[in-house]
Every structure is written in structure tokens, then in C-alpha cells.
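Reader: Please take me on a close look at one small part of this predicted model, and then at how the chains meet. I'd enjoy a connected account.

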Amino acid sequence: MSHADAHAMHPPTATGLDTRKLAIWTFIGSECLFFASLISTYLVYKGKSLVGPLPHDASQCMLDGRMQQCEGVFEIPLVTFGTAVLLFSSYFVVKALSGAQRGNRKQLIGWLSATVVGGLFFVGMQVYEFYHFFHKGLGYTTNVFSASFYTLTGFHGTHVTLGVIWLSTVLVLAIRGKLPPEKALNLELAALYWHFVDVVWIVIFPVVYLMK
Amino acid sequence: MATSAREHAHAPAPSKTGLWSWLTTVDHKRIGILYGASAFIFFLIGGLEALLIRWQLRIPENNFLSAEAYNQLFTMHGTTMVFLAVMPLSAMLFNYLIPLMIGARDVAFPRLNAFSYWVFILGGLFMNASFLFNAAPDAGWFGYANLTSKQYSPGMNVDFWVIGLQILGVASLAAAVNFFVTIINLRAPGMKLMRMPMFVWMSMITQVLLLLAFPVITVALVFLLTDRMFGTGFYIPAQGGDPILWQHLFWIFGHPEVYILILPPFGIVSEILPVFSRKPLFGYAAMVFSGAFIAFLGFGVWSHHMFSTGLGPIADSVFSLTTMLIAIPTGVKIFNWIGTLWGGSLQMKTPLYYALGFIALFVIGGLSGVMHASPPADLQQTDTYFVVAHFHYVLFGGAIFAMVGGAFYWWPKMFGYMLREGLGKVQFWIMFIAMNLTFFPMHYAGLHGMPRRTYTYVAGLGLDWLNLVETIGSLGLAVAFTLFMVNIFVSFRGRKANPAPADPWNGATLEWSIPSPPQEFNFPEIPTVEGRDPLWTAKRKHGGPLPEPKRVDGSNIHLPNPSYWPLVTAIGMSIMLIGFMAGGLPVNLIGVAILFFGAFRWAFEPTG
């Protein structure tokens, strides 16, 4: 009955699944099509840029006011490191959730803070990367590679940022002692979203950065 | 927080009337009525736009409208009817009926439901505000690139369209999550999936289509927005982009969208026919699976909108085949509807008239639709009035006829009085004749080569009298809907003399087991369901009509508190998006701030 008490508004559900959890899964299903459209567009425009810079290969590009030979912009080591941090943050949030469910406050707050830091690091990495690319002559409107790349990774970065805000909110609740085990679902919902954002990056990283 | 929540729950019930109660309502029935009223007004606006178009075309080389005004009118007519009339009319029925039909007290997320409505109405008002600037969208409801590029559409017209649709998309997605979860999770005990009323089934499939189709147009619109605002080249060949990408993304959304428009009407007709035939829906399972199959195939036919772009023989063949294939489940539905009527004890009441009209007209529209599946035939028909005839048969003859039938059917439940039968039937005959007068000649005009979206035509091409007949027909449609409003007015005036019982039609589904209109909590006790057509089972067991349900005191029934944060959040969201068009980054940021403020207050508000 504790489940029914926790959600006094609704009687036990028809499927036994929590309604909010089902909503997050439904939303994630919808988001898949959002990212699928962005990734498809990136792939469709692969190799269609009229001027440089390009992701991997050297090309002619406008830099410092003149056309010149430019290197490919991608720096795989940096983004690999960012990817690893983001993936580890998915593990961190699992540990945090386990802490929340077992009422281990120290574990909850420690791992959740690590998750937030991991997310912030990833966003920071992306800001640095964008800044760096920009100075290599890759503006938003430079070519169809830049437009589709910045739009895709920019929207992913926005999702990560929203995830960081959501997780931070839950972290504040946890620190104030408002995340007892029976409310661990509040973290689980954010964690589901966080895993999704990670999974999208697992697609983006090889498709955008590694595939030549 | 826990203390304040308890205090809140015991606070005296807030007033249930007045403007404030509507602005803060989270009751699915009130939100349904808000959707319905707003959508009907938009429908009248869209209808007025259509009449102006028809008045321009009644004679050749007319100069009643300029080409520019004509472009705005046909674009806004299409956009309004699709996004601001038919979709929200469906949303009205989702809101009002789904919880009642599955035996629930409300939707899964009542405040999210209010949010959807507020976003929808803000999007609709924003889109129509374009008229005030004499800058209504003018690139067609499909907004083909590169007609929509800054180069060819430098004004604000297309900006209104892009941002308006983006706002409306948010409303649709939020509502789709809500209704999908509601149907999956809030069914009353015993309401198994294969016992759900067909309207609920079709609604659920529609939510899946919304969830999977709207993200695609969101992305398509983002590209268009950045092309126009920041100078990217997604759809601009000079920058390496490809205008055909727009068509692909738009129609990957757009074809599922036509099923989003028509599946709820399928559901309406599947409710009306059994009740007025006095026998259960024929082939229930086949109806469910054909609906699901239509939705699945609906994602695999989009390129039949693009045969004329020259996709090559392989793509043409594949999309031609899938398009022909989708006629099969649709045909299954039509045969099942006829099977439902077959041997039934037909009660010739107004809702049945419209349901029968729906079947007849939808079959005509369906047949001309299959003709488009053949690329060589389609190349002749593309961009002609033949296509206009086709989709008006399915959307007016189909969706609108079903909606009007549904209005007559559920009006007594929603408002507690009956609409006049006689007036309803007169309206039906005027609508049926006028609809065919308006749209049937368009087949001929189209095959004679009359192009769509062109503000005039020259005399002597054999198009003159066809267009005159069409315009006369459109005036008939105006008369029919005037009669509908007269009916509402007259019936409302005489509502005391003509109150609706709980079950005026001998219905089969749960909404007829409770008083008309339902009390705020819907069901005093959550019903238990033992089969399809639960109310017919109950009546059979009872050996006749059930006693009229009493209105009961529901003060001990826990209901969600009203909230104004959905409205605040919706305003923030709209301002954020409108910033792309007016005011720039500061306006975007103000919108984001209001959005976050509203969302946080919403998240931490005691729900009671």
C-alpha cells in the first residue's frame, strides 16, 4: 500500500508501472526521432560542403580573411576523453540511485555530485571545442558540415545542460534531506533521462567523429 | 513542504466559476471544452478564409483578391484547418472522452494537460496575429524550400509560420505523452487493452504517431529557422544544401500527420455505428490491428508526395507499393463499418447520418488517394485541383463529417442538453449536397489541368462553370455551419425543456453510465469492467435500461488542485520562441527565465 500512499492522487496503475516513469520512457521514445532526424541530416550532408574546413580532411577554407589550406578540425583525443567522462557519469548516477534507494545519504550525495561534475565537464569540453573550431574558421554558417554538426551536437549539449540542471535540483533536495528512499523515483526519472542523453552520444561519437 | 501540502489539501475548495477558474483549471473536461471552443472558432476563421478563396475563383480573371492576399489565405486556410481546427477538435475529444471511456478520474498529468492547451492557444493566436501585420504566412501549409528561404520570402510571413508551428508542436508532444500514458496506465480494473472502446484505441495509435512524427518536423523547422535567422544553408543549394531535404523531413512528418487527422474520426465513427445499429462493432480485433497497421505503414509512404521531384524508379516503385498497401487496412475498416451496419436495427438519429455520410465520402476520397499511388498518374495530378478534391473528400467528407456526428453524439454528455434532431438532419443534407458541389467538380478541374495555389485562371479553358459550381457549394457549407450554430443557440435556450439523460442513445461505453454533464470527479466509484461494451452488459444483466444515476456528494474524493503555473510556463515557452523573430536574444532569455521559473514552481507545487 505504500506505493498508493506515495501517489494518493492515482490508484495503482493498470500496468503496475509508475505513471511518471512511463511518461519519461514515452518522451525518450519521441526524442529518438528528434536525434534520428538530426543525425540523418548530418550524414546526408557528409561530403557536400562547398568550402572548408572539413571534419577530417584538409581543405581550402576562409581564415583570417583569405582562402588558405586548412586542416581537418576534429581532435579525437579531446572528445574521446569527454565521451569517457560522460559515460562514467552514467555509472555514477547508477551508484547514486542505489544510494538513494537504500537510504545511504553519503553514497547518494557523493555519487550524484560526481555525476553533475561529469556532466559539467562534458558541457565545458563542448564549449571549448566549439570555441576552438570557430577559431579554425568553422563558423555556424560556414558550410553544411558546420551547420549540421553544430545543430546536432548543440542540441545534444542543450540536453546535457538540462540534465545537469535537473540532476543538480535533485542533488539540492538530497542535501536538504528531502530524498528519502520512498522518493528515490525522483532521482530515477532524472537518471533515465541522463542515460538516454548518454546513449545518444554513444551514437553521435562514432558516427560523427570516428567515421571518415 | 509536506505540511504545506496537507494544509493545502484541507483548504476550502476554490471557486469553480469565473475566468480565474478556467485559467487555472486542470479538469480534463474543462480543458476539453476549452480545446473544442477554441478549435471551433479557428475552424470558422479557416472556413472564412476558404470562402474568400472561393469568392476569388468564382469567375475567371477575377481581381477580388490580389495574388499576395490569395497566397496568405490559402496558406492560412490549410495551416489553420490542419493544426488549429481538426487536430484540436480531436484533442477536445481525447480530453473529454478518454478518461471517461477508460474509467479514470482525470488524465495522468492534469497540469501538463493544461500546459498543452495554453501552448496550443498561444501558438494559434500568434500564428493568426500575423494578419495584424499584413504578414500572414504565404508559402503554403507545406512550406516548401526554397520558397521559404530569406531570399524568396524576405518578410515576416514565413517567420510567423515557422515559430507558430514550433509552438504548436510543443503542445502536441506534451499532450501525446500525457494521453499515451493515461491510456496505458489509468484504465479501470478489467479494462484490458482489447476491451477498450475503439475511439480509445484509435486515440492511442494517434498519440504514437504524434510522438514519432512531431520530432521530425521540429527538426525540419529548426533548420528552416536557422536558415532564415542565422544564414545556415540547410535548404539552400548555393551553400551546398538541398531543398529536397525539407520535403523528406516534412513528409516523414506530413504523411503520419494525415493519419493523426483521420484516425480519431475513425474512432468516432466506430463508436457511433454500433450504438445506432444496436449491435457490437463488427471485427473488433481487425479494427484494432488495421488501425495499428495504417499507423505503421504511414511512416513508409511519405515519398508519394514527392514523385514529381524525380526520386528514380526504385524509390518510386517502393513508395508506390507501400501506398497501395495502405489501402488494404483502410478497406478492412470500411468493410467492418458496413459489417456493423449489416443486419443491425438502425436508429436513424442525427449522429448516424453523419457517420454514414463519412463512410460514403471517405470511400470516394480513399479511391482518389489510391490513384496517386501510381507515379505516372500522380505526375499528371500533382499540383492540380484533383489533389485538392482528394484531400477535401478525406478531410472534410471524412474528418469533419465524423466530428460533426461526434458533436451531436456527445453534446448531451458534455453539456447536459440535447441538440435538435430536425435541425441536425437538415444541416446534414445541406452539408452533404454542398460538400459534393464544392469538391466533386475539383476532380474535373484538376484533370483539365487547373493548378492549385494560383489566384486566378483565364476564361475559356472549360474551368469557368466548374469553379462557379464550387463556389456555390462552398456557400452551402457556410449555410450548414450557420445552421449548426443556430442549433446550438436554440438548443441552449431550450435546455430546460430538453435535458439530456445520462444515456440518451442507449450507449455501450462507460461515459454513458454517469450523469450528463459528468461531475468533476467523473466516477463516484471507479468501475470494474468485465468485457467490451460494458454498459450493454450491465443493461442486459439488469434486464432493461439502468436507473438514472444520481449526482452524489464527492467532497471526499481527492482531486488535483487548480494551478496557474502551466499557463506561466506556456507563456515563457512561447516568448522564448517568439524571441527568434522579434527582439532577439534578450527576449529569448526572458522567455527561458519565465519558462524555468514556471517549471520549477510547477514541479514543487503541492498537488494535493
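Author: Happily! In chain A, strand 1 and strand 2 (residues 66-70) run antiparallel and are joined by 5 bridges; strands are DSSP E runs of at least two residues, helices H or I runs of at least four, both numbered from the N terminus, and two strands pair if DSSP finds at least two bridges between them. One of the bridge partnerships links Leu63(A) to Arg66(A) in strand 2. The hairpin has 2 residues between its strands, and Asp64(A) takes a positive phi near 55 degrees.

Strand 1 (residues 59-63) has alternating side chains: Ser59(A), Cys61(A) and Leu63(A) point to one face and are buried (under 20% relative accessible area, with a 1.4 Å probe and protein chains only). Gln60(A) and Met62(A) point to the other face and are not buried.

This is a predicted model, where local features need pLDDT of at least 70 and side-chain atom pairs count only at 80 or more, while totals for chains, interfaces and linings use all residues. Residues are numbered from 1 along each chain as written, chains are lettered from A and ligands numbered from 1 in written order, and side-chain values use heavy atoms, without hydrogens and water.

Now to the meeting of the chains. Chain A brings 34 residues to the contact and chain B 40, contact meaning heavy atoms within 4.5 Å. About 3,000 Å² is buried between them, 76% of it from carbon and sulfur atoms (accessible area lost on being put together, 1.4 Å probe, summed over both parts). Helix 2 (19-44) and helix 5 (144-175) of chain A each supply at least two residues of the side touching chain B. Helix 2 gives the largest share, 13 residues.

Terms used. Buried < 20%, exposed > 50% of the residue type's maximum accessible area, 1.4 Å probe, protein only. Buried area = accessible area lost by both parts, 1.4 Å probe.
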